[in-house]
Amino acid sequence: SRERERERRRSRERSPQRKRSRERSPRRDRERSPRRPRRVLPRYTVQFSKFSLDCRSCDMMELRRRYQNLYIPSDFFDAQFTWVDAFPMSRPFQLGNYCNFYVMHREVDPIDKNAAVLDPPDADHLYSAKVMLMASPSMEDLYHKSCALAEDPQELRDGFQHPARLVKFLVGMKGKDEAMAIGGHWSPSLDGPDPEKDPSVLIKTAIRCCKALTGIDLSVCTQWYRFAEIRYHRPEETHKGRTVPAHVETVVLFFPDVWHCLPTRSEWETLSRGYKQQLVEKLQEEKDDGEAKEISTPTHWSKLDPKTMKVNDLRKELESRTLSSKGLKSQLIARLTKQLKVEEQKEEQKELEKSEKEEEEEEDRKSEDDKEEEERKRQEELERQRRERRYILPDEPAIIVHPNWAAKSGKFDCSIMSLSVLLDYRLEDNKEHSFEVSLFAELFNEMLQRDFGVRIYKALISLPEREDKKDKKSKKDERKEKKEEKDDETDDPKPKRRKSGDDKDKKEERDEKKREDKRKDDSKEEEETEEDNNQEEYDPMEAEEAEDEDEDRDEEEMNKREDRKEGNKHCKERASKDKKDKTQMVTVNRDLLMAFVYFDQSHCGYLLEKDMEEILYTLGLHLSRAQVKKLLNKVVLRESCFYRRLTDTSKDEENQEESQELQEDMLGGNRLLLPSPTVKQECKAVEENVGLIVYNGAMVDVGSLLQKLEKSERVRAEIEQKLQLLEEKTDEDEKTILQLENSNKSLSAELKEVKKDLGQLQENLKTSDDKKLQFEGQLNKTIKNLATVMDEIQSVLKQDVVKNEDKDQKSKENGANV
């Protein structure tokens, strides 16, 4: 089929029509404007099933056609895909039920003893029941980790993962790499008779075998989905000494709601305390055993005197030396004295041999002993930490798994594998149990593809029709007419200017040509840089605008400078607006985004038109080519669908969107138009959906009970999340309280020191006041004394002046007399 497809492609390429279509149109040969750089699409990969997903049965040839790399056992002859009935399109499987598993080490024993029987003596190989247990993150985690929401930070967007890597399953491991579904054979005595008519019989088989292999009690599960039935034609064989005739073995793969087995927070805390207590008890037992061994070790020969010892002591010493402790006391004494002499002789010989070498090797031995001691202590510490880690449970609650290490000839183990790993099977996986796991992974992947494809189909139906090309042409004609009118108005006065100044106009034209050449060079450089930048990021909104603008530009006059300037300004404004809008985008339809992301494995942001067609054809809705083409015309742009336009909007437009209710007839496609009775029966079953049963004399509505159960589970999950947030908040509050207490203590200590300093300052102030008073008194005394002294000095000075005046008068009188 691949070779035929290649030949068809080659013939198309050789055909003249193909060549004509490849030739560039004269429109595209025109000179491109510098304002529109070429966009480079990022690498694109998509993977999906290219056959109808509503298939309910499969034989050998069909299985080989669908899964070419899958190993098919020799006894296989038929498979029934019952997941189509368990999860119809009207009631798809809902992801986002948080569940996780934690596989314990083989050293750790379960808290409650496991009394389940794996291989009873009356095990019947006509039927086998096996389970696939799913571990999945919550819906919010799925959105943020796999969808790269528009409002998420850049770190989350860069580290996205495909949803198939986040959805995981608990599988058994036989050997190193041989995965197997957990389960076993039917037992009439333990599970009940007639599993063909009574569906609860095989459910009991699955519960018993799962508990025996993993320690998980699945009796808490409320819904058991019969996912697939695999039939093998077994030839005649001898089993445990008895001849088993040829028979058909039916393996039923169940998919239970194992997330209901997840323990609550309080139960998880009690479990963690129980495992810690188990560790303490084991350490205490090992300590007691070590002490007992130390007691049973033989004492040194120099410390023993057999003649003075009692019979019990003699027997203990003989037993510690692995000698017979039977006989009379005299025999025991003789036996022990003989052994002690032998030990003495051996020790003397060893001492003589070692005495010569002891002096030379004493220093080396000490250093080696120290190193060995340090290494031994380090190894003991690492072993102790490793052992404690085995008994310590993680913070988040999980379903604890205790693999039965004695099962499957001592080679059984458990592992948690993602859906992508289970789908990546190899040709070397040529065992029957690995075939069952791989087939389940393929079917589960197809179920998710169908559900996500139906979600895309619903979104396409709800979208409005795109505007026709005629309307666009009419709008373009109106623009042309307006521009021609403007040109007629502006072209009237131009001839007068040309007559008055031809030389000036020529110079201006030359200058403008030079400027245009520079602009072209700059625009080419900008195109190259923008191409490099846009290889990683591609905006579908800009691509759509680019296509519309290219069509307009082909019809406009390219030689007008004013239009170019206006176009450049308009493009710059639009680019700046787009940058602003990018920062304000919000993912409104998260479910639709996850549906597209599941098919777009490399997160390129678009799906090709041919792949979109394949997705819609494989849903089993029996759509025609015209219907599919009409749906895809709503979203396809340049042979690709940019799904971010459907899921992301700006914050301003977020509240303006209105959800349109779709009719069930539209969602069913053309299935209701078919004459087949199975579709009509399915529709009737969906419409009726009564589900009333009699239990303890009362009519019970199972559907309403399941709805209430789902509601209570959602409420419980929300309460646990709130409780976890409150616990985190209390931890933060305790930390802040401790910080405040520490700061309070430090501030109180500082306050005491300040008070001490204040007391000292007050004392110093008092002393300084006293000194001040003393100094003031002294100053007053000195002032008084100085005043008296000054008065005396002045009186003395006055007397001296009078005497001098008298002397002068006498001298004058004597001179006059002369």
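This dialogue walks through several features of a predicted model.

Student: Where do I start with the chain as a whole? How many helices and strands are there?

Tutor: Start with the inventory. The chain holds 28 helices and 21 strands.

Student: What share of the residues is buried?

Tutor: Of the 818 residues, 31% count as buried. The accessible surface comes to about 56,000 Å². Carbon and sulfur atoms make up 48% of that area.

Student: How do I read contacts along the sequence? What share comes from residues 24 or more positions apart?

Tutor: Take the contacts with a separation of 6 or more. Residues 24 or more positions apart account for 76% of them.

Student: Now the open sheet of 6 strands. What is its strand order?

Tutor: Read across the sheet, not along the chain. The order is β1-β2-β9-β12-β4-β8, and the pairing is mixed.

Student: Which strands are at the edges?

Tutor: An edge strand pairs on one side only; here these are β1 (57-58) and β8 (182-186).

Student: In which sense do β2 and β9 pair?

Tutor: Strand β2 (residues 76-80) and strand β9 (residues 224-234) are antiparallel, over 4 bridges. For a residue to look at, take A79: its bridge partner in β9 is I230.

Student: Which strands does helix α9 lie across?

Tutor: Helix α9 (residues 199-214) lies across β4 (124-131), β8, β9 and β12 (247-256). It runs at about 125° to β8.

Student: And which strands does helix α15 lie across?

Tutor: Helix α15 (residues 432-462) lies across β2, β4, β9 and β12. Its angle to β9 is about 140°.

Student: Let's turn to backbone angles. What sign does phi usually have?

Tutor: Most residues other than glycine have a negative phi. Positive values therefore deserve a look in such residues. R638 has phi near 55°, and E639 has phi of about 60°. Neither R638 nor E639 is a glycine.

Student: Where is R638?

Tutor: R638 sits in the loop between β17 (636-637) and β18 (640-641). E639 is found in that loop too, between β17 and β18.

Student: Is E639 buried or exposed?

Tutor: E639 is exposed, because its relative accessible area of 58% is over the 50% cut-off. R638, at 45%, is partly exposed.

Student: Last, the nonpolar patch on the surface. Which residues form it?

Tutor: V789, M790, I793 and L797 form the patch, with about 350 Å² of accessible area together. M790 belongs to helix α28 (residues 702-817).

Student: Why can M790 belong to a patch on the surface?

Tutor: Patch residues need over 30% relative accessible area. M790 passes that cut-off because its value is 44%, which makes it partly exposed.

Terms used: Residues are numbered from 1 along each chain as its sequence is written. This is a predicted model: local features need pLDDT of at least 70, side-chain atom pairs count only at pLDDT 80 or more; totals for chains, interfaces and linings use all residues. Side-chain values use heavy atoms; hydrogens and water are left out. Patches are made of residues with over 30% relative accessible area and no salt bridge: like charges are joined within 9 Å, nonpolar side chains (Val, Leu, Ile, Met, Phe, Trp, Tyr) within 5 Å. Accessible areas come from the Shrake-Rupley method with a 1.4 Å probe; for residues, only the protein chains shown count as cover. A salt bridge is a side-chain nitrogen of Lys or Arg within 4 Å of a carboxyl oxygen of Asp or Glu. Helices (H or I, at least four residues) and strands (E, at least two) are DSSP runs, numbered from the N terminus. Buried means under 20% relative accessible area, exposed over 50%, partly exposed in between (1.4 Å probe, protein chains only). Contact means heavy atoms within 4.5 Å. Two strands pair if DSSP finds at least two bridges between them. Axes are lines fitted to C-alpha atoms, for helices over the stretch in contact, and angles run from 0 to 180 degrees between N-to-C directions.
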